[in-house]
Amino acid sequence: PTVGGGPLYSALATSYVLRDLFTPTLAAGSVNNTLAEPGGNGSASQRTRNVTDTNSKISIAGALLDFATGAAANDGLWYGTFSREAGRALLATLVPSDTNGVPSVGWDTNGSGAIADALTFAAAGVLNAIPNVGTAVAVGVYTATSYQVAVILRSTGVYLFVKGGAFANWTLLWMTAAGSAA
């Protein structure tokens with residue numbers, strides 16, 4: 001296999017159910033009901049951005065989804081429903097601007113509120129695992145730098161991985177065998 005445009009890359013690039021590179025540029029308040037770009041192989045409803053943006057602070061610019069200062073708790077971006085499938089992975093890059101917000105990345109059972117299975121970059125620089133809509137469990141610390149997150153579904157439960165900051169390599173932070181919702 002080769003990296004960047006070779007056969008392996010081509011095979012992987014066509015295997016996405018959903019891929020969102022956050023283009024084109026969209027002003028705050030106008031991200032809701034737009035389609036993920038380039039999209040992937042999922043249905044239009046799976047690729048539609050569903051946004052809760054209480055204070056009209058979520059925008060897209062420079063291939064980044066931006067939650068400006070002043071966003072309300074549980075504001076966020078959700079996509080349509082996917083069937084649960086062991087091994088289905090959610091991959092995201094997160095760049096917290098500081099350690100005072102509470103951004104989360106994960107799988108949810110509905111399109112609002114707190115995320116059901118997530119890695120949360122909590123206040124004061126604490127990384128929390130949120131398993132199966134349960135109580136947050138401190139699993140590490142973070143700083144205002146770039147992180148890659150992988151939340152991988154099991155037939156029951158999830159695996160939570162992170163790479164970035166003090167985590168030079170992909171690191172398993174938490175796994176659970178609880179939860180089997182779509």
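**Exercise 1. Find which residues L173 touches in this predicted model, leaving out residues up to four places away in sequence.**

*Solution.* Start at the side chain of L173 and look for partners beyond its sequence neighbours. L173 touches L119, L127 and V139. The list goes on with L160, V162 and F167.

Next, place L173 in its wider setting. The largest nonpolar core has 19 residues, and L173 is among those with the most contacts inside it, together with L119, F121, L127 and V151. Now see where this core gets its residues: β8 (104-107), β9 (117-121), β10 (126-130), β12 (147-153), β13 (158-164) and β14 (167-176) each give two or more. The largest share, 4 residues, is that of β12.

Finally, check the rest of the model for a second cluster. Apart from the largest core lies another core, of 7 residues, including F22, L26, I60 and L77. As background, nonpolar side chains in soluble globular proteins tend to be buried together.

**Exercise 2. Work out the strand order of the open sheet of 4 strands, and say which strands form its edges.**

*Solution.* Follow the pairing from one side to the other: the order is β7-β12-β13-β14, and the pairing is antiparallel. The edges are the strands that pair on one side only, namely β7 (89-94) and β14. For the geometry, neighbouring strands are turned by 15° against each other on average, with direction ignored.

Now zoom in on one pair. Strands β13 and β14 run antiparallel and are joined by 6 bridges. Within this pairing, V162 stands opposite T171 in β14. You have met V162 before, as one of the residues touched by L173.

**Exercise 3. Locate the salt bridges, and decide for each partner whether it is buried or partly exposed.**

*Solution.* There are 2 salt bridges to find.

Take R49 and D20 to begin with. Their closest N and O atoms are 2.7 Å apart. R49 sits in the loop between α2 (44-47) and β3 (50-52), while D20 belongs to strand β1 (residues 19-20), so the pair ties together parts that are 29 residues apart in sequence. For burial, apply the cut-off of under 20% relative accessible area. R49 has 0% relative accessibility, so R49 counts as buried. D20 has 15%, so D20 counts as buried too.

Then turn to R88 and E85, whose closest N and O atoms are 3.4 Å apart. R88 counts as buried because its relative accessibility is 17%. E85, with a relative accessible area of 42%, is partly exposed.

Definitions and conventions: Residues are numbered from 1 along each chain as its sequence is written. This is a predicted model: local features need pLDDT of at least 70, side-chain atom pairs count only at pLDDT 80 or more; totals for chains, interfaces and linings use all residues. Side-chain values use heavy atoms; hydrogens and water are left out. A nonpolar core is a set of buried Ala, Val, Leu, Ile, Met, Phe, Trp, Tyr and Cys residues joined through side-chain atoms within 4.5 Å. Buried means under 20% relative accessible area, exposed over 50%, partly exposed in between (1.4 Å probe, protein chains only). Contact means heavy atoms within 4.5 Å. A salt bridge is a side-chain nitrogen of Lys or Arg within 4 Å of a carboxyl oxygen of Asp or Glu. Two strands pair if DSSP finds at least two bridges between them. Axes are lines fitted to C-alpha atoms, for helices over the stretch in contact, and angles run from 0 to 180 degrees between N-to-C directions.
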